[in-house]
Amino acid sequence: MTVLFGQLFTGVSIGAVLLLIALGLALTFGQMNVINMAHGEFIMAGAYTTYVLQQTITGAGVSLLVALPVAFLVAGTMGVLLEALLIRRLYARPLDTLLVTWGVSLMLQQLARDVFGSPNVQTRAPELLTGNIGLPGGLTVANNRLFILALALAAVAALTLALRLTPLGRRIRAVVQNRDLAAVSGIATSRVDRTTFFVGSGLAGVAGVALTLLGPIGPTMGTNLIIDAFLVVVVGGIGQLKGSVIVAFALGVLQATGEYLTTLSVAKVMVFVAIVAFLQWRPQGLFTLRTRSLA
Amino acid sequence: MTLFRGRRILAGAMTLVAAVALTACGSKTSDTDTAAGVSADTSGDTVKVGLLNSLSGTMAISEVTVRDAIMLAVEEINAVGGVLGKKVEPVGEDGASDWPTFAEKAEKLISQDRVAAVFGCWTSASRKAVKPVFEKNKALLFYPVQYEGLEQSPYIFYTGATTNQQIVPGLDYLKAQGKKSVYLVGSDYVFPRTANKIIKAYAAANGMTVLGEDYAPLGSTEFGTIVNKVKSSKVDAVFNTLNGDSNVAFFKEYTSAGLTAASMPVVSVSIAEEEVKGIGTQYLADQLTAWNYYQTTPGAANEKFVAAYKAKFGPDKPTSDPMEAAYVSVHLWKAMVEKAGTFEVEKVRAAADGITFEAPEGLVTVDGTTQHIAKTARIGKVGADGLITEVWNSGQPIKPDPYLKSYPWATGLS
Amino acid sequence: MTAVVGPPTVTTVGPVPAGGPPPGRRRRALRLRAAAGFACGAALLFAVAPLVLSDFRLSLLAKYLCLAMVAVGVGIAWGRGGMLTLGQGVFFGLGGYAMAMHLKLADAGPGAMPDFMQLYGQLDELPVWWRPFASPWFALPATVLLPMAVAFGLGSLVFRRRVRGAYFAILSQALAAAMVILLVGQQGTTGGTNGLTDIQGFFGYDLDDPVNQRMVYFVIAACLLGLLVLARQLIQSRYGELLVAVRDGEERVRFLGYDPASVKLVAYVVAAGMAGLAGALFVPAVGIISPALIGIVPSIEFVIGVAVGGRATLLGPVLGAVAVAWARTALSERFPGTWTYLQGLLFVLVVAFLPGGLASLVALARRRGDDGPPGRFTLWRKRSRTETVA
C-alpha cells in the first residue's frame with residue numbers, strides 16, 4: 001500500500017517535471033512549429049543562473065526565489081536572440097529549425113563547459129525543500145517534489161490565463177489559428193512570434209531552476225530531457241496546452257508503474273511503444289486544433 | 001505499369017564498377033609497406049605521448065580532470081629533463097564520449113603521430129573499443145580508472161583499481177560493520193552489471209542477502225522508483241555503482257526521501273571528490289566511498305601532488321582517485337622506459353614487473369603478469385567540507401587479481 | 001502539421017511523367033554525362049584515394065563512405081520524399097548488428113560462443129535468436145532485409161495514419177532512443193554499451209592486415225557507387241516524380257488518385273535498406289558496432305550531413321556526409337578543445353543560410369557559367385525550388 005502510494009506520487013512528480021520542461025515547448029513547438037533542440041540548453045541556462053546567483057546571495061531559499069524570475073529573463077533573452085538571429089529565417093522550413101538549433105545546442109554546451117568547467121556544479125537547496133512530509137501510515141511525500149508540482153501547475157495556470165485573458169494572449173492564439181488572417185487583421189505577427197518565443201524559452205529557464213532540486217547541473221543536463229519533452233507535446237497535440245498537461249501526467253504515471261513492475265529500461269521502452277501505438281490511434285495527438293488549411 | 005526506366009544504364013554502370021573494382025584491387029595487393037606494429041617516432045629530441053580523453057559529450061564531466069592530471073605529470077617530467085633525455089610532447093585528442101571515436105583517435109595517435117604511449121580512456125566501453133587497436137598495432141595504453149576486471153590485455157597497463165582492490169574491500173568493510181543485507185543500484189552498463197555479479201557471489205558466500213538490484217539507463221536522472229524500492233526494502237546498506245550525472249539525481253532523491261547515512265548508508269564506487277562537488281555535501285554527508293586515494297591521504301608525495309595541482313588549475317579544484325591514477329600512470333611509464341633504456345614497447349613491457357613509484361596514494365608496484373598495479377584499498381567518508389576522509393584502509397597494497405582467481409567464492413565468475 | 005507556408009508547387013522539371021520520353025538525342029547526351037560523372041567518381045574512389053591516402057586515412061574514408069551510404073537513403077526519404085527521418089540509426093544498427101553477430105560467431109568458431117557472452121552473460125549456450133546468424137546465407141541478406149522489414153512494418157502503420165512532418169521526425173527519434181535502451185539493457189546477449197567489438201575476421205580474411213582493410217574499402221566504395229546508380233534510377237523514374245509530388249503536395253497527389261502512403265513507404269524502406277547495408281559494411285571497416293552509433297545523436301548527424309550537402313540532389317548528400325565526417329575528424333584533431341563550436345557553427349550557417357546545401361553553391365556557379373536550357377538534368381541540379389519540406 002505504502003509502495004503503491006509512493007509509486008503513484010512518483011508518477012505524478014515525474015509528470016510534473018515533464019510538464020515543466022515541456023511547457024515552454026508547447027509554446028514554441030506547439031504554437032509556432034519551431035523544433036527547438038536548444039530548449040534543453042535553455043533549461044541548463046536556468047540551472048546555471050541559480051548557481052551563479054548562489055555565489056552572491058547566500059540564503060538558499062531566497063536565492064531560489066530570486067532565481068525563478070531571473071532565470072526566466074536569462075533564458076527568455078537567449079530565446080529572443082535565437083529567434084531574431086536564426087529562427088526568423090526559418091519559419092517557412094519548420095523541420096530545418098531542428099537542425100539549426102541542434103548546432104546551436106552544441107555550441108551552448110561547449111560554452112557552458114568553457115565558462116563553468118566540465119564537471120557538474122552544485123547548488124544548495126533550502127532546508128525546507130530537502131525534507132519530506134510524513135503522512136499517516138508511514139507514507140512520505142518529498143517537499144522538493146511537491147514544490148515542483150506546485151510550480152508546474154502554477155505555470156500552467158498563469159500561461160492559460162495569459163493566453164485566455166490578455167490582449168497578447170489573444171494575439172498569440174490568433175496567429176496560431178490562422179497566421180495570414182491574423183496578419184491582415186493588423187496583428188504584427190513577427191512581434192507576436194518573438195514574444196511567444198521569449199515566454200516559451202523563459203519557461204525553460206524556470207524549469208532549469210526547479211531541476212536544480214532534483215538533478216545534476218552540468219553542460220549536458222539538457223540533452224537527456226529534450227526528447228521526453230518533445231514527446232509530451234507531440235502526443236498532447238500541437239496548439240493546445242491541455243493536451244500536454246494530461247499527457248505529461250499520464251506518461252509519468254505510466255513510466256512509474258512500468259519502472260515498478262519491470263525495470264527502468266523496459267519502462268522507458270514501454271513508454272515509447274505506447275506513444276507509437278497512441279499516435280496510430282490519434283495521429284495528430286490527443287487534442288487537435290481545427291483549421292481549414294490543407295496539409 | 002513500369003515505374004522504372006533505363007535498366008540498361010544500371011547494368012552498364014554496375015559492370016563498370018565491377019571492372020574498376022577488380023583492376024584496382026588487383027594492383028593493390030602487394031602494397032604492404034606499412035604493416036601492423038608502427039613503432040614510436042623517437043628520432044628527434046622529443047618523444048610524443050598521446051592523451052585520449054573525452055573533452056566534449058556526456059563523459060567530459062569526469063574526463064577533463066584526468067586530462068589535467070596527465071598534463072601535470074608530463075610537465076613535472078619535463079621539468080626534470082624528460083624521459084631518456086627527451087622532452088615529452090603531449091598530443092591531445094578528444095574522444096567525444098563516443099566509443100568509435102576513441103578507436104579512431106587511438107589509431108591516429110599511433111599511426112600518424114607515432115606516440116610512444118597513450119594515456120586515457122574512462123568508460124569500459126571506450127577501453128573495449130580501443131583495445132583491438134592497441135593490440136593490432138602493438139602499442140601501449142595506460143588506463144587510469146577503476147573498472148570491472150576480467151581483462152588482461154598485453155598492451156594495456158591498468159593503473160586504476162580492479163575489483164579485488166575496491167569492490168571486495170568495500171564489501172569486507174560492510175561485513176565488518178555488521179551489515180547483513182545490501183541493495184544494489186547501478187547504471188545500466190558493463191561495470192555495474194559485472195560488479196554486481198561479483199557482489200552477489202560474495203554475498204552468497206558471506207551470509208549477506210541482496211534484497212534488490214536495479215539499473216538506471218545511463219544518464220538517467222529520475223530515481224523516484226528506485227529510491228522508493230530501496231526505502232521499502234529496509235535494507236542495511238546500499239551498494240552504489242551509478243555513473244556520472246545519475247549520482248546527483250540519486251542522492252538528491254535519497255535525501256528527500258528521508259534516508260541518511262545513519263539510517264541507511266550508501267557505499268559508492270564512482271563518487272570521488274570531483275563528483276562530491278557536483279552533488280553537494282548537503283546530500284552526501286557521511287556517506288561512504290571505496291577508492292585507493294583521497295585528497296586527504298597523508299604523505300609527502302600527496303602533499304606535493306595536491307599543491308602542484310592546485311597551483312596549476314586553481315585552489316578550488318580537488319584531486320581525486322582517477323586523477324591520481326592518471327598522474328601515476330605517466331610516472332610509471334617513465335620509470336618503465338628508463339629501466340628498459342628504450343621506448344620500444346616490448347622492452348618496456350618486459351621491464352614493467354616490479355617497478356615501484358612513491359605515489360600520492362602511497363607506494364605502488366607494477367605487477368608484470370597482470371599489468372595491473374598493487375594498491376592500498378581505502379574506505380572513506382564524505383565530510384561537510386566536501387573532502388573525503390579515510391575511515392579504514394587495507395594496511396598494505398593489495399595484489400591485483402583481475403579474474404578473482406584467489407577468491408574461492410568467485411569461481412565461475414570469469 | 002497544419003501550416004504550409006506558400007503554395008506548394010509541383011515542379012515539372014526533368015522528364016515529364018505523362019509527356020512521353022524526351023527526344024532520344026537528349027536522353028543519350030544525359031546518359032553520357034551521367035556515365036562520365038560516374039566514371040570520374042569511380043576513378044577518384046578507386047585510383048586516386050588509395051594512392052594518395054595513408055592506410056589510416058583510407059580506413060577513415062571507408063568509414064565516411066559508409067555514412068555517405070546512409071546519406072543517399074536519407075536524401076531519397078527526406079530530400080525527395082519530405083520525410084525527416086531521425087531514426088536512420090536504427091536501420092544502420094540493425095544492419096551493423098546483423099553483420100557483427102555473424103562475424104563474432106565466425107571468429108569464435110563453430111559451436112563456440114562470442115567472448116563477451118562468457119564474460120558478461122554467463123550463458124551456457126547461444127541464445128536462439130543468435131543462431132541463424134552463424135550462417136552467412138542468413139546473415140548477409142539479413143543486413144539489408146531486416147532493416148527493410150522493420151521499416152516496412154513501421155512505415156505502413158505510420159504513413160497510413162498520416163503521421164508526418166514534425167510528428168514523424170520526433171517519432172522516429174524516439175524509436176532510435178528506444179532501440180538504444182533495448183540493446184544496452186540486454187548486456188549478456190548484445191554486449192550492452194560496449195557493443196560488439198574486437199572483430200577479427202571478415203569471411204576468412206584477417207581484418208588486421210592492411211591489405212584486407214583496403215579490400216574492405218574497395219567493397220564499400222563499389223557499394224556506394226552501386227547505391228548511387230540505384231538512387232539515380234529511382235529519382236529519374238516516374239516513381240521519383242511521384243515522390244517529389246507527394247513531398248510538395250500530399251493531398252493533391254491523393255486527389256489525383258494515388259496513395260501517398262505507399263509512395264512514401266517505398267522511399268522509407270529503400271532508405272532503411274541503404275542504411276542497413278551501410279551499417280553492415282561499417283563493421284568490417286571500423287571493427288565495432290555499438291549503441292553509441294545508432295542513438296539520437298548519430299541519427300541527427302546522418303541528417304545533418306545530408307542537409308549540408310544538399311538534400312534534394314543526388315550527390316549532395318554523399319558529399320555532405322563525407323564533408324561533415326571529415327570536418328569532424330579534421331577539426332577535432334586541430335582544435336581538440338573547441339572543435340564543437342566550429343561544428344555547431346557549420347551546421348547553423350549552412351542550414352540557415354544555404355538551404356540548398358553546398359550543392360546549391362555549385363549549381364549556382366554552374367548556372368552563371370552556362371546558359372543551357374533550365375530544364376536540363378545534371379547530377380547537381382536541385383530539382384525543386386520549393387522550400388516547404390514539411
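How far apart are the end C-alpha atoms of residues 59-82 of chain A, and how much of the span is helix? The ends lie 33 Å apart, and the span is 96% helix and 0% strand. Keep in mind that this is a predicted model.

## Chain A: annotated spans and a helix

The stretch 59-82 is one of several that UniProt, in an unreviewed entry, lists as "transmembrane region" in chain A. The record's full set is 6-27, 59-82, 146-163, 197-217, 229-254 and 261-281. Take residues 229-254 of chain A: here the chain is 85% helix and 0% strand, with the end C-alpha atoms 15 Å apart. So two spans under one annotation look like this in the model: 33 Å end to end for 59-82, and 15 Å for 229-254.

Then there's helix α9 of chain A, residues 189-211. Its 23 residues reach 33 Å from first C-alpha to last, close to the 33 Å expected at 1.5 Å a residue. Is α9(A) enclosed or open? It is largely enclosed by the rest of the structure, because 18 of its 23 residues are buried.

## Where chain A meets chain C

The contact between these two chains draws on 39 residues from chain A and 44 residues from chain C. On the chain A side, three helices each supply at least two residues: α4 (94-116), α10 (223-236) and α12 (264-281). Which of them gives the most? That's α4(A), with 12 residues.

Sorted by class, the side of chain A that touches chain C has 27 nonpolar residues, along with seven polar and five charged ones.

## Chain C: helices and a buried alanine

Chain C comes to 15 helices and two strands. Of its 390 residues, 59% are buried. Among its contacts with a separation of 6 or more, 79% link residues 24 or more positions apart.

A98(C) gives a local view of such pairings. This alanine sits in helix α3 (residues 88-108) of chain C, and it counts as buried because 27 other C-beta atoms lie within 10 Å, where 20 or more are needed. Leaving aside residues up to four places away in sequence, A98(C) touches F133(C), A139(C), A142(C), T143(C), L146(C) and A280(C). With T143(C), the sequence gap is 45 residues, yet the C-alpha atoms are 5.4 Å apart.

## Chain B: confidence and two domains

Chain B has a mean pLDDT of 89, and 91% of its residues reach 70 or more. The start of the chain is another matter: over residues 1-36 the pLDDT is below 50, and this stretch has 43 contacts in the model beyond near neighbours in sequence.

The domain assignment splits chain B into domain 1 (46-160 + 300-376) and domain 2 (164-296 + 379-410). Their centres, taken over C-alpha atoms, are 26 Å apart. The contact between them takes 32 residues from domain 1 and 28 from domain 2. On the domain 1 side, α2 (60-79), α4 (124-137), α12 (321-340), β12 (362-367) and β13 (372-374) of chain B each supply at least two residues. β12(B) gives the most, with four residues. By class, that side has 12 nonpolar, 13 polar and seven charged residues.

## A326(B) up close

A326(B) is found in helix α12 of chain B. Is A326(B) buried or exposed? It counts as buried, because there are 31 C-beta neighbours inside 10 Å. Not counting residues up to four places away in sequence, A326(B) touches V66(B), A69(B), I70(B), F119(B) and P144(B).

L284(B) makes a handy reference point: it is 42 residues from A326(B) in sequence and 26 Å away in space, C-alpha to C-alpha.

## Two aspartates with positive phi

Most residues other than glycine have a negative phi. Two aspartates here go the other way. D286(B) has a phi near 70°, and it lies in the loop between α10 (281-284) and β10 (288-291) of chain B. With 15 other C-beta atoms within 10 Å, D286(B) is partly exposed.

Over in chain C, D198(C) has a positive phi of about 60°. This residue lies in the loop between α7 (187-190) and β1 (201-202) of chain C. How exposed is D198(C)? It is partly exposed, with 19 other C-beta atoms within 10 Å.

Terms used:
Residues are numbered from 1 along each chain as its sequence is written. Chains are lettered from A and ligands numbered from 1 in the order in which they are written. This is a predicted model: local features need pLDDT of at least 70, side-chain atom pairs count only at pLDDT 80 or more; totals for chains, interfaces and linings use all residues. pLDDT is the predictor's confidence in each residue, from 0 to 100. Two residues are in contact if their C-beta atoms, placed from the backbone, lie within 7 Å. Ala, Val, Leu, Ile, Met, Phe, Trp, Tyr, Cys and Pro count as nonpolar, Asp, Glu, Lys and Arg as charged, and the others, Gly among them, as polar. UniProt positions are given in the numbering used here, feature names are shortened, and annotations may be inferred rather than shown by experiment. The expected span of a helix is 1.5 Å times one less than its number of residues. A residue is buried if 20 or more other C-beta atoms lie within 10 Å of its own, exposed if 12 or fewer, and partly exposed in between; C-beta atoms are placed from the backbone. Domain bounds come from an automatic or database domain assignment.
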